[in-house]
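Me: Please take a close look at one part of this model, and place that part in its setting before going into detail. I would like one connected account that I can follow with the structure open beside me.

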Amino acid sequence: MLTDLYIPGDSLLHRARPAWKLAILFLYCTALFVVTHPAVLTVGILLVALGYGAAGLSPRDAFTAIRPALFVLVIIFAAQLWLADLTMAIYVTLRLIALLMAAALVTYTTRASEFTEGILALLSRAPAWVPKDKIALAMSLVWRFIPLIRAQFDEVREAQRARGLERNMLALVVPLVVRTLKTADEVAEAITARSLD
Amino acid sequence: MTTRDITLIALFAALTAVMAVFPPIALPILPVPITAQSLGVMLAGGILGAKRGGLAILLLLVLVAIGLPLLSGGRGGLSVFFGPTAGFLLGWLVAAFVIGWLTEKYWDGLSFVSATLICVVGGIGVLYAIGIPGITLMAGVPISKAFMGSVTFIPGDIVKALIAAAVMVTVKKSYPIIGQAA
């Protein structure tokens, strides 16, 4: 099944409305980019640390947020060190870390389903030209399709392993894509047959 | 947009997500393993066309943004849109659209060569034209240096363009989608 990156908790941050959290995240991000002063960055980092503390998250969670970008961060640090100086390198790298951690904080404290509900609530108030029911249909279908295609991929891979082709990208992708297209026809027919159009 | 179009969009969003767990292609000459995920971006455009392909990638990005770890390496959540390589994610969206648009335009005579060219233009040209300024914006590194850092990924992307082109041509013969009225 699909799992999101949510870490359960009952803090103020967990209970806050997703829209507010997003708005604050964008303000935070803009502030760090518009005011390029070390004092602002220091306050920013303290705020994020405070946020992690308030949400009951550990430093390890914070590190998990940065880890995938670690390689790129090291390169950027080295590039800045070479092009500018140590202060600039530290500043730029810390700012990126602050942004990554702040964004991850929102992800950690908000369930994917809360965001989905938020999007659907926004849609219900959208003007008439927005194809609301189609967007809602696409969003609910894709939740079901990811495990489905993962299962189909496992089948294709097993079949190709039996032929000694499991490292052959084409032998994996072509059957998977054709199966996907066939699934589309079947699902679309089933939806139409139930008069959802 | 028919129900079938919506289904295709959702399926290709899911397909591109699943490609994150494909076995990475390791080429002996390359320092970085190639993940199959940007192959999904090329295929979304090259098989579904501009509008549906672009929407499929948009749908995937929305799912990633709301916190599903669907990118390669189990990455996901809002932080990927605030990191140094955020421009490449936006670039995926435009790349899928451009590849789809070019594929529709040259659909009648689509060959392996023209499909490869389309994937290179959209999946490398357009993608890097958006991704590299993104690195500059987020990390303050000059464009030329950001370009140097990204060059290591280009051979892998060429391999993916070749694979995507082969799939596009095969699917055009066996199960064409674009030729039908969208």
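Reply: Helices in this account are DSSP runs of H or I with at least four residues, strands are DSSP runs of E with at least two, and both are numbered from the N terminus. By that rule chain B of this predicted model has 7 helices and 0 strands, and the elements follow one another from its N terminus as α-α-α-α-α-α-α. Chain A has 9 helices and 0 strands, with the order α-α-α-α-α-α-α-α-α from its N terminus. The part chosen for the close look is helix H5 of chain A, which covers residues 70–83, and the two chains are described before it.

The overall dimensions of chain A come first. Its radius of gyration is 23 Å, whereas a compact globule of 197 residues would have one near 16 Å, and its C-alpha atoms fill a box of roughly 60 × 50 × 35 Å along the principal axes. Chain A is divided into domain 1, residues 12–116, and domain 2, residues 127–193, and the centres of these two domains, taken over C-alpha atoms, are separated by 35 Å. Of the 197 residues in chain A, 27% count as buried. When contacts in chain A between residues at least 6 apart in sequence are considered, 67% of them join residues at least 24 apart.

For chain B, the radius of gyration is 16 Å, which agrees with the value near 16 Å for a compact globule of 182 residues. Its C-alpha trace spans about 45 × 35 × 30 Å along the principal axes, and buried residues make up 58% of its 182 residues.

The contact between the chains takes 57 residues from chain A and 51 residues from chain B. On the chain B side, several helices each supply at least two residues, among them helix H1 (3–18), helix H5 (112–139) and helix H6 (143–150). The most is given by H1(B), with 13 residues. By residue type, the side of chain B that touches chain A divides into 35 nonpolar, 13 polar and 3 charged residues.

Now to helix H5 of chain A itself. At 1.5 Å a residue, its 14 residues should span 20 Å, and its end C-alpha atoms are 20 Å apart, so the expected and computed lengths agree. Which residues of H5(A) are buried? They are A:Leu73, A:Ile76, A:Ala79 and A:Gln80. Seen down the axis of H5(A), these buried residues fall within an arc of 125°, and they therefore line one face of the helix. The general background is that an α-helix has 3.6 residues a turn, so residues three or four places apart point the same way. On the other side of H5(A), the exposed residues are A:Leu70, A:Phe71, A:Val74 and A:Trp82.

What do the buried residues of H5(A) pack against? Their partners are helix H6 (86–109) of chain A together with H5 and H6 of chain B. Both of these chain B helices are also listed among the helices that each supply at least two residues of the side of chain B that touches chain A.

Another place where the chains touch is at B:Ile66, which lies in the loop between H3 and helix H4 (86–105) of chain B. B:Ile66 counts as buried because it has 24 C-beta neighbours inside 10 Å, the threshold for a buried residue being 20 or more. Once neighbours within four places in sequence are left aside, B:Ile66 is in contact with A:Ala112, A:Phe115 and A:Thr116.

Farther along chain A, A:Gly118 is in helix H7, residues 112–124. A:Gly118 is partly exposed, with 16 other C-beta atoms within 10 Å. Its contacts, leaving aside neighbours within four places in sequence, are A:Pro18 and A:Ala19. The C-alpha atoms of A:Gly118 and A:Pro18 are separated by 7.3 Å, although the two residues are 100 residues apart along the chain.

Note on methods:
Residues are numbered from 1 along each chain as its sequence is written. Chains are lettered from A and ligands numbered from 1 in the order in which they are written. This is a predicted model: local features need pLDDT of at least 70, side-chain atom pairs count only at pLDDT 80 or more; totals for chains, interfaces and linings use all residues. The radius of gyration is taken over C-alpha atoms; the globule rule is 2.2 Å times the number of residues to the power 0.38. A residue is buried if 20 or more other C-beta atoms lie within 10 Å of its own, exposed if 12 or fewer, and partly exposed in between; C-beta atoms are placed from the backbone. Two residues are in contact if their C-beta atoms, placed from the backbone, lie within 7 Å. Ala, Val, Leu, Ile, Met, Phe, Trp, Tyr, Cys and Pro count as nonpolar, Asp, Glu, Lys and Arg as charged, and the others, Gly among them, as polar. Domain bounds come from an automatic or database domain assignment. The expected span of a helix is 1.5 Å times one less than its number of residues. The arc is that of the directions from the helix axis to the C-beta atoms.
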